[in-house]
Amino acid sequence: SLLSMKFTDKIRHHWSKLVAPLTGQVLAQGYWLSGWDYYQHYCHHNLPGLAYYVCWSSHQEIYTPPRSIYPQPHQGFQRTTVTIPETYWLAVPQAIVLSARQSVGSVIAHDGRVIHDSSRQWSRPPTDNQACHYKFPRPRTVEKTIAAVGIGGGGMNYYHWLVDVLLRIHLLQYGDIWDRIDYFLLDEPSPKLAITLDILGIHPSQRLYARFDRTLASPLIVSPKFPTSTSPAWHVEFLRRTFLPYCDTTRCGMPQKIYISRAKASRRRIVNEEELLGYLAPLGYRPVWLEDLSFVEQISLFAQAQRVIGMHGAGLTNILWCPPGSRVLEIFPSASIASYYWVLANHVGMDYHYFVSNAPPLPQQDTVINLRTFRQAVELFES
């Protein structure tokens with residue numbers, strides 16, 4: 001049964017973590033700082049299959065400053081002009097790909113050097129790359145072309161799946177490589193998100209899920225650039241173009257004003273949420289619990305929303321589906337601010353507002369909202 005298979009996978013996973021340091025081997029001897037460096041070095045060596053394809057050139061994006069009740073924007077929103085680096089995929093012949101969590105997508109080239117920017121360790125010094133120091137299971141040879149698109153743990157996070165994993169998959173739609181790929185090595189998605197792979201045409205038989213005990217050698221490994229910056233506008237356009245057509249426009253009674261509740265989450269909850277809802281309900285806001293909705297139901301809900309209020313969290317990724325000209329008010333539990341959803345709102349064409357709770361910190365980043373200052377934020381949001 002599926003349940004017993006998952007239990008067996010867990011036992012195998014933990015066992016492999018124990019034995020890899022004893023029976024495995026260090027697979028890389030040195031590094032290439034980037035895929036471009038590797039390609040430049042070998043492009044005249046007639047390596048069969050070697051390719052470097054630029055999907056998007058480096059360019060600048062300009063974001064509209066957020067609106068709030070505060071005199072000056074928080075420093076997290078002060079970079080209104082951002083340079084998006086060149087985005088590409090690299091085809092590496094006779095290579096090895098790792099799939100342990102911190103090394104998912106790390107590609108070791110035929111010369112034994114790891115391509116540093118191919119994994120989630122890109123922000124660390126390349127001399128610290130785990131492929132050069134940690135022991136991994138001996139590679140199993142697969143005589144097929146593999147695309148390494150996982151990011152490590154992204155399959156269970158709604159934001160990172162849509163914005164990071166699907167970005168890497170999207171890059172493979174450029175440059176006449178898609179039909180040459182036999183397998184996709186990626187994070188195992190939650191059941192709710194697996195439908196996105198179906199929509200993209202990746203058959204279940206093509207999916208290799210990242211496992212600690214899965215180290216693969218292949219005649220050709222295709223590695224899209226690892227996400228290293230804010231979500232670019234072209235990816236948001238791709239997501240809307242690909243998934244918005246699945247919106248169920250026939251559903252009646254969908255609220256135009258949404259409050260995203262995190263009451264069922266394990267952290268970042270609003271302790272006095274009932275008090276907030278008592279204020280928001282007369283203004284027309286309806287609470288939603290996104291854990292209870294399918295992927296298509298979430299698209300359908302937000303595609304018809306004009307106002308969205310919610311605590312910082314993956315549920316706000318759904319503003320991807322909102323109409324241009326709609327508005328979002330993001331609540332932060334503290335002054336530690338991540339600007340992901342501000343960027344998404346800009347790309348969608350939404351009016352972005354934010355509110356910061358100044359309450360003393362609570363465990364799990366929970367917070368109590370000061371209703372008086374929150375009313376001021378909502379009044380501005382509604383005006």
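**Entry 1: conventions and overall make-up**

I take helices (H or I, at least four residues) and strands (E, at least two) as DSSP runs, numbered from the N terminus. On that basis I find 9 helices and 17 strands in the protein. I note that this is a predicted model, in which local features need pLDDT of at least 70 and side-chain atom pairs count only at pLDDT 80 or more, while totals for chains, interfaces and linings use all residues. Residues are numbered from 1 along each chain as its sequence is written, and side-chain values use heavy atoms, with hydrogens and water left out.

I looked up the radius of gyration, taken over C-alpha atoms, against the globule rule of 2.2 Å times the number of residues to the power 0.38. The protein comes out at 22 Å, close to the 21 Å that the rule gives for 383 residues, so it is as compact as a globular protein of that length. Along the principal axes, the C-alpha atoms fill a box of roughly 65 × 50 × 45 Å.

For accessibility I call a residue buried under 20% relative accessible area, exposed over 50% and partly exposed in between (1.4 Å probe, protein chains only). Buried residues then make up 52% of the 383 residues. The exposed surface of the protein, by the Shrake-Rupley method with a 1.4 Å probe, is about 17,500 Å², of which carbon and sulfur atoms supply 54%. With contact meaning heavy atoms within 4.5 Å, I find that residues 24 or more positions apart account for 73% of the contacts with a separation of 6 or more.

**Entry 2: the parallel sheet and its helices**

I count two strands as paired if DSSP finds at least two bridges between them. By this rule 5 strands form an open sheet with parallel pairing, in the order β14-β13-β15-β16-β17. Its edge strands are β14 (286-288) and β17 (351-356), each of which pairs on one side only, and the twist averages 20° from one strand to the next. Strand β13 (residues 257-260) is joined to β14 by 3 bridges, and I see Tyr259 standing opposite Pro287 in β14.

For directions I use axes that are lines fitted to C-alpha atoms, for helices over the stretch in contact, with angles from 0 to 180 degrees between N-to-C directions. Helix α6 (residues 273-280) lies across β13, β14 and β15 (307-311), and runs at about 175° to β13. Helix α9 (residues 371-382) lies across β13, β15, β16 (327-332) and β17, and its angle to β16 is about 160°.

**Entry 3: helices α4 and α5**

I next asked how many of the 11 residues of helix α5 (residues 233-243) are buried. The count is 8, so this helix is largely enclosed by the rest of the structure. The buried residues of α5 include Trp234, Arg240 and Phe243.

Thr196 lies in helix α4 (residues 194-199) and is buried, with a relative accessible area of 0%. Leaving aside neighbours within four places in sequence, I find Thr196 in contact with Trp161, Leu166, Phe243 and Phe295.

**Entry 4: strands β3 and β4**

Strand β3 (residues 59-62) runs antiparallel to β4, and 4 bridges join them; the bridge partner of Ile62 in β4 is Thr81. Along β4 (residues 81-84) the side chains alternate, with Val82 and Ile84 buried on one face, whereas Thr81 and Thr83 point to the other and are not buried.

**Entry 5: positive phi angles**

I checked residues other than glycine for positive phi, and noted Gln94 at about 50°. Gln94 is in strand β5 (residues 87-97) and counts as exposed at 55% relative accessibility. Asp176 has a phi near 60°; Asp176 sits in the loop between α3 (158-171) and β10 (183-186), and is exposed at 66% relative accessibility.

**Entry 6: cysteines**

I searched the whole structure for disulfides, each being a pair of cysteine sulfur atoms within 2.5 Å, and the search finds 0. Why is Cys43 without a bond? The closest cysteine sulfur, in Cys55, is 18 Å from that of Cys43, which is too far for a bond. Cys322 is also in no disulfide, with the nearest cysteine sulfur, that of Cys247, 11 Å away. At 25% relative accessibility Cys43 counts as partly exposed, whereas Cys322, at 0%, counts as buried.
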